[in-house]
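Hi,

Here is the structure I said I would pass on. Have a look at it first, and then read my notes below.

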Amino acid sequence: MLKVEGVAKAYKKAGLFSREREQVLADIHFACDYGECLGIIGESGSGKSTLGRLVLGIEQPDRGSILFEGESVTKRRGRAGKISAVFQDYTSSINPFYTVEAAIMESLRLIGMGGQEASDKLDFLLDQVGLDRSYRQKHPHELSGGEVQRVCIARAVATNPTCIVLDEAISSLDGSVQMQVLQLLKQLGQTYRMSYLFITHDLQAAAYLCDRVMIVHRGRVVETVAVEQLKDVQSAYARKLLGMVML
Ligand SMILES: Nc1ncnc2c1ncn2[C@@H]1O[C@H](COP(=O)(O)OP(=O)(O)OP(=O)(O)O)[C@@H](O)[C@H]1O
């Protein structure tokens with residue numbers, strides 16, 4: 001379904017006159033199948049979010065290709081709504097002037113849905129993420145962090161996507177709320193048979209949600225393992241990362 005081959009990305013280094021470029025991703029290869037949850041793990045600055053933006057087609061790689069159902073992700077028209085995203089910063093993910101209803105309707109319009117059909121679907125989506133209809137008219141500032149993230153998830157699911165990129169989607173939430181949102185994601189993933197690219201530095205969350213985990217270090221894939229085999233990782237970096245969690 002998703003095939004990433006030989007992807008590289010560099011950014012210009014900070015500084016007005018700097019000509020140097022920082023190689024953020026180098027020769028990344030991986031695939032993600034229908035219904036699979038692939039965790040992308042690595043420490044801060046390892047290039048995880050950059051990879052997420054490339055998969056979403058927000059930015060283009062310098063080299064390599066990213067194919068979604070056989071087509072380049074940069075061809076937006078073909079994949080409208082098929083790849084969605086939920087980001088970490090839920091406080092800015094929803095326009096503060098939008099109600100919950102307006103935020104989700106925006107996604108439904110993307111797939112050409114309107115009128116009563118869209119209104120019914122909106123109630124259905126709210127129900128699925130555990131919010132009742134009274135939330136329709138609320139604004140983001142009237143919601144808790146967990147509730148806003150539930151709205152973001154409803155909005156991402158609204159287009160019936162094949163794949164959702166979850167970029168540190170639970171990282172800003174409190175511990176117990178993190179677990180609730182993880183459970184919600186797991187249940188929705190199974191119901192809709194969606195794939196997730198779960199970008200995180202939280203190995204335990206990845207172990208809960210994912211089928212496989214890809215460990216990224218300094219812009220390279222160090223190792224990819226099935227979650228059941230996480231304890232048997234081979235590379236020194238992966239062992240170090242795991243060791244930090246097991247302490
Ligand atoms: N648009 C940009 N312009 C210049 N440099 C960038 C840009 N985006 C990211 N970088 C740099 O690329 C590197 C990787 O950033 P990225 O956000 O992909 O890492 P990350 O693994 O997601 O980190 P974190 O877990 O902290 O979010 C960092 O050094 C960052 O400063």
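Let me start with one pair of residues: alanine 8 stands opposite arginine 63 in β4. Before going further, please keep in mind that this is a predicted model.

**The four-stranded sheet**

That pair belongs to the contact between β1 and strand β4 (residues 63–68), which run antiparallel and are joined by five bridges. Both strands sit in an open sheet of four strands, in the order β2-β1-β4-β5, with antiparallel pairing. At the edges you will find β2 (21–32) and β5 (71–72), each of which pairs on one side only. Strand β1 (residues 2–12) also pairs with β2, again in the antiparallel sense, over eight bridges. If you want a spot to check there, look at valine 7, which stands opposite isoleucine 28 in β2.

Leucine 67 is another residue to click on in this sheet. It is located in strand β4. Leucine 67 and valine 4 are 63 residues apart in sequence, yet their C-alpha atoms are 6.4 Å apart in space. Once neighbours within four places in sequence are left aside, leucine 67 is in contact with Lys3 and Ser72. Is leucine 67 exposed, partly exposed or buried? It has 14 other C-beta atoms within 10 Å, so it counts as partly exposed.

**The six-stranded sheet**

There is also an open sheet of six strands, with the order β6-β7-β8-β3-β9-β10 and mixed pairing. Each of β6 (83–86) and β10 stands at an edge with a single partner strand, so one side of each has no neighbour in the sheet. From one strand to the next, the twist averages 20°.

The mixed pairing is easy to follow around β9. On one side, strand β3 (residues 37–41) and strand β9 (residues 212–217) run parallel, joined by four bridges. Here leucine 38 has arginine 212 of β9 as its bridge partner. On the other side, β9 and strand β10 (residues 220–226) run antiparallel, with six bridges between them. Arginine 212 turns up again here, since its bridge partner in β10 is alanine 226. Further along, methionine 214 has threonine 224 of β10 as its bridge partner.

**Two arginines with positive phi**

β9 and β10 form a hairpin with two residues between them, and arginine 218 is in the turn. Its phi is near 45°, a positive value in a residue other than glycine. For context, most residues other than glycine have a negative phi. How many C-beta neighbours does arginine 218 have inside 10 Å? There are 15, so arginine 218 counts as partly exposed.

Arginine 193 also has a positive phi, of about 50°, although it is not a glycine. You will find arginine 193 in the loop between α6 (175–192) and β8 (195–200). With 10 other C-beta atoms within 10 Å, arginine 193 is exposed.

**Helix α5**

Helix α5 (residues 145–157) has 13 residues and reaches 18 Å from its first C-alpha to its last, close to the 18 Å expected at 1.5 Å a residue. Why call it largely enclosed by the rest of the structure? Because 10 of its 13 residues are buried. Among them are Val148, Val151, Cys152 and Ile153, along with Gln149 and the two arginines Arg150 and Arg155.

To place this helix, go back to the six-stranded sheet, where β6 and β10 stand at the edges. α5 packs on that sheet, touching β6 and β7 (163–167), and its direction makes about 175° with that of β6.

**Around the ligand**

Last, the ligand. Which residues are around it? They are Tyr11, Val24, Gly42, Ser44, Gly45, Ser46, Gly47, Lys48, Ser49, Thr50 and His201. By class, this shell has two nonpolar, eight polar and one charged residues. Helix α1 (residues 48–56) gives the most to the shell, with three residues.

If you are short of time, I would begin with the hairpin of β9 and β10, and then go on to the residues around the ligand.

Cheers

Conventions:
Residues are numbered from 1 along each chain as its sequence is written. This is a predicted model: local features need pLDDT of at least 70, side-chain atom pairs count only at pLDDT 80 or more; totals for chains, interfaces and linings use all residues. The expected span of a helix is 1.5 Å times one less than its number of residues. A residue is buried if 20 or more other C-beta atoms lie within 10 Å of its own, exposed if 12 or fewer, and partly exposed in between; C-beta atoms are placed from the backbone. Two strands pair if DSSP finds at least two bridges between them. A residue is near a molecule or strand if its C-beta atom, placed from the backbone, lies within 6 Å of it. Ala, Val, Leu, Ile, Met, Phe, Trp, Tyr, Cys and Pro count as nonpolar, Asp, Glu, Lys and Arg as charged, and the others, Gly among them, as polar. Axes are lines fitted to C-alpha atoms, for helices over the stretch in contact, and angles run from 0 to 180 degrees between N-to-C directions. Two residues are in contact if their C-beta atoms, placed from the backbone, lie within 7 Å.
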